Amino acid sequence: MLRKITALFNRKRMADENMLLQTIDRNNIPNHIAIIMDGNGRWAKRRGMPRSLGHRAGVESLRNIVKLSSEIGVRYLTCYAFSTENWKRPRDEVSYLMDLLVEYLEKEVEELHKNNVRVNAIGCLEELPQKAQDALSKAFRKTENNPGLTLNLALNYGGRREITDAVKKIASMVDQGQIKCEEINDDLINQSLYTFGMPDPELLIRPSGDCRISNFLLWQLAYTEFWLSDVMWPDFQRLHLLQAIISYQQRERRFGGLIKK
């Protein structure tokens, strides 16, 4: 009986997903989507499982969302995987997360490469364990020339630290006489951020019921559309991504101005 109910549920979910795929405007897909992948630990706790299984379930959600993003023409997908604050977590959990990152990259890089996905990362990568740095470097080299989706993993990333690093970089340029203070502008700051060369996100997705950006892309999210959901990240499915995109497509983006009628 349980197997039949599961099969019926899956068929309905696929039917709903196909309906949404037909609904979205393929000419108005966000070029850059940012996701705060949150709720793994709470998802596991509610099921009486160790937090590690929640993180592992979250990897499956990431796999599905990356695949769909690539299929529908998203150009950049930035996923908040590990923040500068996450080092405060228990040592065993941090170690597991780093091992899971290595495992994900080693298992998925061939499939990502086959689908023309380019793997990138932002954050203070030099502070990650060496095994994680090596796995990232291997994935970067393997996929660097791929023309499709850029999967941008935010690792040991903090928005305040990114801005601080940009200020230090610009201050050094001033100190060395390369630029004058009056030449500092938005463009120069953009060029000094980890995300240089990427468009700002047009859509931010935050699952898990929280309503904060958690030190994520503080500069880049100035005019980003937010889509919030109570769904925990391990339960986040292709259907939810399509719902977020459709919500985005129904909004007027004025950037402080007015829409011309």
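**Exercise 1.** Which residues in helix 3 and helix 8 meet each other? Use the predicted model and describe the packing.

*Solution.* Start with the contact list. From helix 3 come Asn64, Ile65, Lys67, Leu68, Ser69, Glu71 and Ile72, and from helix 8 come Arg238, Leu241, Leu242 and Ile245. Next, sort this contact by class: six nonpolar, two polar and three charged residues. Then take the geometry. The axes of helix 3 and helix 8 (residues 238-249) are 9 Å apart, at an angle of about 45°. The two helices are therefore oblique to each other. The crossing of helix 3 with helix 8 is right-handed.

**Exercise 2.** Determine how helix 3 is oriented to helix 4, and list the residues in contact.

*Solution.* The angle between helix 3 and helix 4 is about 25°, and their axes lie 11 Å apart. Angles under 35 degrees count as roughly parallel, so helix 3 is roughly parallel to helix 4. Helix 3 passes helix 4 in a right-handed crossing. On the helix 3 side, the contact holds Arg51, Ser52, His55, Arg56, Val59, Leu62, Arg63 and Val66; on the helix 4 side, Glu93, Tyr96, Leu97, Leu100, Glu103, Tyr104, Glu108 and Leu112. By class, this contact has eight nonpolar, two polar and six charged residues.

**Exercise 3.** Describe the largest pocket and its lining.

*Solution.* First, the volume: the largest pocket holds about 680 Å³ of space. Second, the lining: 30 residues, with Met37, Asn40, Tyr80, Ala81 and Phe82 nearest the centre. Third, the elements: those giving two or more residues to the lining include helix 3 (51-72), helix 4 (91-114) and strand 2 (76-83). Last, the classes: 15 lining residues are nonpolar, eight polar and seven charged.

Notes: Residues numbered from 1 in each chain as written. Predicted model: local features only at pLDDT ≥ 70, side-chain atom pairs only at ≥ 80, totals over all residues. Heavy atoms only, no water. 1 Å grid on protein atoms, 1.4 Å probe; cavity = no way out; pocket = protein on both sides within 12 Å on 5 of 7 lines; lining within 4 Å. Points joined across faces, edges and corners; volume = space filled by probe spheres on them. Helix = DSSP H or I, 4+ residues; strand = E, 2+ residues; numbered from the N terminus. Nonpolar A, V, L, I, M, F, W, Y, C, P; charged D, E, K, R; others polar. Axes fitted to C-alpha atoms, helices over the stretch in contact; angles between N-to-C directions. Parallel < 35°, antiparallel > 145°, perpendicular 65-115°, else oblique. Left-handed = near helix turned anticlockwise from the far one by under 90°. Contact = heavy atoms within 4.5 Å.
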